[in-house]
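Subject: Structure handover

Hello,

Here is the structure for you to load. My notes on it come right after.

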Amino acid sequence: MAIPQSVSWWCFERDDIDPVDLLRTCKAIGYAAMELAPVEQFALVRDQGLKIVAHQLHVPLKQGISQPKYWEDIQQQAEENFKLAQRWNIPNLIVFSGNREGLPDEEGAENAIKHLEVLARDAESAGITLILELLNSKLNHPDYQCDRTDWAVQVVSAVNSPRARVLYDIYHMQVMEGDVIQTIRDNHQWFAHYHTAGVPGRNELDDSQELNYGAICRAIAETGYSGYIGQEFVPTGDWKASLRAAFDVCNVNA
């Protein structure tokens, strides 16, 4: 079977794209799900025959689990979003490390482990997977702490819960580290979700960017991966053609 694919709503949230047209286009192409859709659009997503595969556990992403001063607020948001995820059958909730704010990476990891251990127990009870997102701190998210694969893996492996995993964002990690395929092969057991986008620019998965997404997705499939590949690129041209082309290049069998 082909690895199912999803689309990040926010990338296509603009005045010239009608939400119903977006959803119908995604469905017709073969996408199985949406992610990061506004809560008020959940019913519309479902009505168009698509699943909701991921949502945020908490916001904003600058204030995350590595800083104890934000834990109380995150816990309160988590309680509501666990209920939301159960109500809408959302399998994944995205967790953010937050910014360093001067906190050394080792201390940040220790804090993140402590908080994620608590959150993971609730996630186990709810049947939901928490996915710690990797983001680049070089271009898009200055000072973000979870900006390297080894930091993310250190945290989730220490938590040692099947409900605590990593969201490996291919775009962000190409910007920070490169060596994407080998990283996937070495760490795939900790990865529960993937995001795409072209590098440089975070745009289409076409021949203007440096990543070979066909090879990357084949490498993901070879690991036996059973989750989703989420398209999270911002289109610059014909958005429908871009969605079709991205689906086709990532359409590999697991």
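Below is what I found, going from the barrel to the helices around it.

Please keep in mind that this is a predicted model.

**Barrel**

Eight strands close into a barrel. Their order is E1-E2-E3-E4-E5-E6-E7-E8, with parallel pairing. From one strand to the next, the twist averages 30°. Where do E1 and E8 come in? Strand E1 covers residues 5–8 and strand E8 covers residues 229–231. The two run parallel and are joined by three bridges. One pairing to look up is Ser-6, whose bridge partner in E8 is Gly-230.

**Gln-231**

Gln-231 also sits in strand E8. Is Gln-231 buried or exposed? Its relative accessible area is 0%, so Gln-231 is buried. The side chain of Gln-231 has a polar contact, at 2.6 Å, with the side chain of Thr-196. Thr-196 is also on the contact list of Gln-231, which leaves aside neighbours within four places in sequence. That list includes Gln-5, Ser-6, Val-7 and Ser-8. Tyr-31 and Leu-205 are on it too, as are Ala-246, Phe-247 and Cys-250.

**Helices on the sheet**

Helix H5 (residues 149–159) lies across three strands: E5 (129–133), E6 (164–169) and E7 (191–196). H5 runs at about 165° to E6. Helix H7 (residues 180–187) packs on the sheet as well, where H7 touches E6 and E7. The direction of H7 makes about 165° with that of E7.

**The buried face of H7**

Which residues of H7 are buried? They are Val-180, Thr-183, Ile-184 and Asn-187. Seen down the axis of H7, these residues fall within an arc of 100°, so they line one face of the helix. The spacing fits a general rule: an α-helix has 3.6 residues a turn, so residues three or four places apart point the same way. The cover over the buried residues of H7 includes H5, E6 and E7, along with helix H6 (170–176) and helix H8 (213–222).

**H7 against H8**

The axes of H7 and H8 come within 10 Å. They cross at roughly 10°. That angle is under 35 degrees, so H7 is roughly parallel to H8. On the H7 side, the residues that meet H8 are Val-180, Ile-181, Ile-184 and Arg-185. On the H8 side they are Ala-215, Ile-216, Ala-219, Ile-220 and Glu-222. Val-180 and Ile-184 thus appear in both H7 lists, the buried one and the one facing H8.

Best regards

Conventions
Residues are numbered from 1 along each chain as its sequence is written. This is a predicted model: local features need pLDDT of at least 70, side-chain atom pairs count only at pLDDT 80 or more; totals for chains, interfaces and linings use all residues. Side-chain values use heavy atoms; hydrogens and water are left out. Two strands pair if DSSP finds at least two bridges between them. Helices (H or I, at least four residues) and strands (E, at least two) are DSSP runs, numbered from the N terminus. Axes are lines fitted to C-alpha atoms, for helices over the stretch in contact, and angles run from 0 to 180 degrees between N-to-C directions. Contact means heavy atoms within 4.5 Å. Buried means under 20% relative accessible area, exposed over 50%, partly exposed in between (1.4 Å probe, protein chains only). The arc is that of the directions from the helix axis to the C-beta atoms. A polar contact is a pair of N or O atoms within 3.5 Å; within protein, one must be able to donate a hydrogen and the other to accept it, and residues adjacent in sequence count only if both atoms are side-chain atoms. Angles under 35 degrees count as roughly parallel, over 145 as roughly antiparallel, 65 to 115 as roughly perpendicular and the rest as oblique.
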